[in-house]
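Me: I would like to learn how the features of a protein model are read, one at a time, with the general idea before the particular case. Could we begin with strand pairing?

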Amino acid sequence: MIRPEVAEGFKRWGEVIAAGVVVAFGAWLIWLGGLILMPLGLVAVALGLGWALIGWRRLRFARETNAPGLVEIDEGRISYFAASRARAIAGPGSNVSALGMGGELPLRELAEIRLLTLQGQQYWRLRSLSGEALLIPLDAAGADALYDAFASLPGIDMGKISSALDQKTAAQSLWTRKQVSRLT
C-alpha cells in the first residue's frame, strides 16, 4: 500500500515521470546500437524530452484548489462558474462588496490574456473581442485545464506564460490576438 502523499506526488508528476521513462527507453535503444535501433532511440529521446517540457509547463499550471468556483473547457469555450456567494474584487478606492459572477468566453473570440495580482491572489483576465472581461483565479478548481486551451491559440508563447506564473507583478499582458480585418 502506498502512502497518500506519495500517491499524490505520483499523480501530480505522472506526465513528467512518463516522459522520463520514454527518454530512458530511447537511451537504451541508442545504447543497443545498430542501423535501426539507434535512430529509433534518437526519436524516442527527442519525443520524450518534448513531452517532459510540456509536462513541466502543464505542472506549473496545476495548483492546489484554494479559490471558489470551477473552470470548465468544453467545445472551445472557457467557462468559469463562480461560487454563488463569492465576493467580487472591489475597484480602487471602493468599499462595496458586490457578489462575484462567472461567465464564459469562446476561444475564437479571445482577444487578450493578462495575468493580474489583486489583493495578493493571481487571476487570469481574459478579454473578448467585444471588450468583455472574465476574471478566473489561478487556483480555482479545473484552472489547470487552461494550459491546453491557451496552447491552441495562434502565436502564443507557452514558455512566457508558464514563467509568468512565478512572478508577482500587478499586471502582465501575456498574449494579444493580432487584429484581422473582416469583410462583413
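Reply: Two strands are said to pair if DSSP finds at least two bridges between them, and here β5 and β6 pair in the antiparallel sense over 5 bridges. Helices (H or I, at least four residues) and strands (E, at least two) are DSSP runs, numbered from the N terminus. The model is predicted, so that local features need pLDDT of at least 70 and side-chain atom pairs count only at pLDDT 80 or more, while totals for chains, interfaces and linings use all residues. Residues are numbered from 1 along each chain as its sequence is written, and side-chain values use heavy atoms, with hydrogens and water left out.

Me: Which residue of β6 stands opposite tryptophan 124?

Reply: The residue opposite tryptophan 124 is isoleucine 136 in β6. β5 and β6 form a hairpin with 4 residues between them, and glycine 131 in the turn has a positive phi of about 100 degrees. Serine 130 is found in the loop between β5 and β6, and it counts as exposed because its relative accessibility is 59%, where buried means under 20% relative accessible area, exposed over 50%, and partly exposed in between (1.4 Å probe, protein chains only). The C-alpha atoms of serine 130 and glutamate 109 are separated by 8.1 Å, although the two are 21 residues apart along the chain.

Me: How should a positive phi be read, and which residue in the turn between β1 and β2 has one?

Reply: Most residues other than glycine have a negative phi. Strand β1 (residues 70-74) and β2 pair in the antiparallel sense over 5 bridges, with phenylalanine 81 in β2 as the bridge partner of leucine 70. These two strands form a hairpin with 2 residues between them, and in its turn glutamate 75 has a positive phi of about 50 degrees, although glutamate 75 is not a glycine. Glutamate 75 counts as exposed because its relative accessibility is 78%. Another case is glutamine 119, a residue other than glycine with phi near 55 degrees, which is found in the loop between β4 and β5 and counts as exposed because its relative accessibility is 69%.

Me: Is isoleucine 78 buried or exposed, and what is it in contact with?

Reply: Isoleucine 78 is found in strand β2, and it counts as buried because its relative accessible area is 0%. Contact means heavy atoms within 4.5 Å, and, leaving aside neighbours within four places in sequence, isoleucine 78 is in contact with residues including Ile73, Leu105, Leu126, Ile136, Leu146 and Phe150. Isoleucine 78 and alanine 143 are 65 residues apart in sequence and 9.9 Å apart in space, C-alpha to C-alpha.

Me: What is a nonpolar core, and which members of the largest one touch the most other members?

Reply: A nonpolar core is a set of buried Ala, Val, Leu, Ile, Met, Phe, Trp, Tyr and Cys residues joined through side-chain atoms within 4.5 Å. The largest core has 28 residues, of which Phe61, Ile113, Trp124, Leu126, Ile136, Leu146 and Phe150 touch the most other members. At least two residues of this core are supplied by each of β2 (77-81), β4 (110-118), β5 (121-128), β6 (133-137), α3 (146-151), α4 (158-164) and β7 (171-176), and the largest share, 4 residues, comes from α3. Not counting residues up to four places away in sequence, leucine 146 touches Phe61, Val71, Ile73, Ile78, Trp124 and Ile136.

Me: Which residues form the nonpolar patch on the surface?

Reply: Patches are made of residues with over 30% relative accessible area and no salt bridge (a side-chain nitrogen of Lys or Arg within 4 Å of a carboxyl oxygen of Asp or Glu); like charges are joined within 9 Å, and nonpolar side chains (Val, Leu, Ile, Met, Phe, Trp, Tyr) within 5 Å. Here Phe25, Trp28, Trp31, Leu32, Leu35, Ile36, Leu37 and Leu40 form the nonpolar patch, with about 960 Å² of accessible area together, areas being taken from the Shrake-Rupley method with a 1.4 Å probe, where for residues only the protein chains shown count as cover. α1 (4-32) and α2 (37-61) each supply at least two of its residues, and the largest share, 4 residues, comes from α1. Tryptophan 28, found in helix α1, counts as partly exposed because its relative accessibility is 44%.

Me: How many helices and strands are there in the protein?

Reply: There are 4 helices and 7 strands, and from the N terminus on the elements run α-α-β-β-β-β-β-β-α-α-β. Of the 184 residues, 30% count as buried.
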